[in-house]
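Hi,

Here's the structure I promised to pass along. Have a look, and my notes follow underneath.

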Amino acid sequence: MAFFNCLFSIIKKLTILAVLVAIVIPIYYNSTNPKYLGLRLLHSLISIKNTFVSDADRPMLSPEYRAFESMLRRRPLFQIDPNLDPLELAKNIRASFPLDTIMPRSSSCHVDKHAYENEGHTVDAHWIHHERAKPKLDADRIIIYLHGGGYIVGDVQAYSGFECHLSRLFNVTVIHLEYRLVPEHPLPAAVDDALTLYRALLHGGIPASRLAIMGDSAGGGLTLLTIQALLAHRLPIPRAAVTMSPWADFSASGQSYTRNRFTDLMIRAESIAWGVQRVLGPNHEQIPRDDPSYSPLFGSFKGFPPLYITVGTAEILEDDAKGVANKARAEEVDITLEIGQNLMHVHPLFVNYFPEARDTLDNIRRWLEPKFR
């Protein structure tokens, strides 16, 4: 009898412990998404291990960053099979895009869909705000966010978690543009969509002085292409622009495409040529890779608004960002370039995981704040 009483007591205590853990963990990580909670728990355990295991070659990297890095290494990069139909391959890539699991949308985030029309063309966009209340369409601080994903993947489902974080951190309303993707819609479709949204906002009474444009990776390149198009059409430019690891050179002329091919955990260097072909479309053989209509690095930056660029030294797009910064500076643009030593592609997106991402976003916040005054 005493044995069963003891066993019952142990089971009871374990049950209470399990219930407490089931309550505390979602509160601590601010989510009930089981996949996300699993990632965060794994990341925390590896981070604890890393506090006792240093990296002699990269002593400035945090244990949390190295933990996230090791998790990426366990997940092999998507293999491009050139024998597959491009559209089928694009669908497979989209199905495997995990950003909404890595950065899920918080329950307090409000997303409101709107359609915008200009000159017979319509685009969908989502107003995003970190509070439950419906975003105000007359907000005085708005960031148009152009998502990354090689122009192939990405949507509001994937990015709204990060965009909601930006809304809270920067105290802004974020507009997520659902621009058309490749291979179904090669460039300049995405640029046309960005111009349609921008013009519709202007015509709707939102002045350029209340707008900034921000993007990551392909979205960073699209940010540059959009502003170049605004200038070409003599439209008022936004207050500021922010690009994180911009893809700006389809000719891959930078040495970082070779130098960092083994340190980049996000992009396969050998997949770049395939991606460029999809972005340029069926006539890609007739389009020079340094055509400024597609590769903003080779366009003009004269007249640009203040520009903030972030990039890591462990990514193949490092020299894209540096090339844009150098050219913009030569054309007298107010340019700030933040180089993250040994940091990965689009590292600020992973703000929930390591302090290096949080530090970069804090730097952008401090830089952006006076631009809206």
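The part I'd open first is H10, where Ile 272, Trp 274, Gly 275, Val 276, Arg 278, Val 279 and Leu 280 are buried (under 20% relative accessible area with a 1.4 Å probe, protein chains only; exposed is over 50%, partly exposed in between). That makes 7 of the 9 residues of this helix (residues 272–280), so the rest of the structure largely encloses it. The cover over those buried residues includes helix H4 (86–95) and helix H9 (256–259), with contact meaning heavy atoms within 4.5 Å. Gly 281, just after H10, has a positive phi of about 95 degrees.

Before you dig in: this is a predicted model, with local features needing pLDDT of at least 70 and side-chain atom pairs pLDDT 80 or more, while totals for chains, interfaces and linings use all residues. Numbering runs from 1 along each chain as its sequence is written, and side-chain values use heavy atoms, leaving out hydrogens and water.

As for the whole chain, it has 12 helices and 8 strands (DSSP runs, numbered from the N terminus: H or I of at least four residues for helices, E of at least two for strands). Of its 373 residues, 53% count as buried. Looking at contacts between residues at least 6 apart in sequence, 74% join residues at least 24 apart. The chain exposes about 17300 Å², and 56% of that comes from carbon and sulfur atoms (Shrake-Rupley, 1.4 Å probe; for residues, only the protein chains shown count as cover).

One more spot: Leu 45 is in helix H2 (residues 34–50) and counts as exposed because its relative accessibility is 59%.

Cheers
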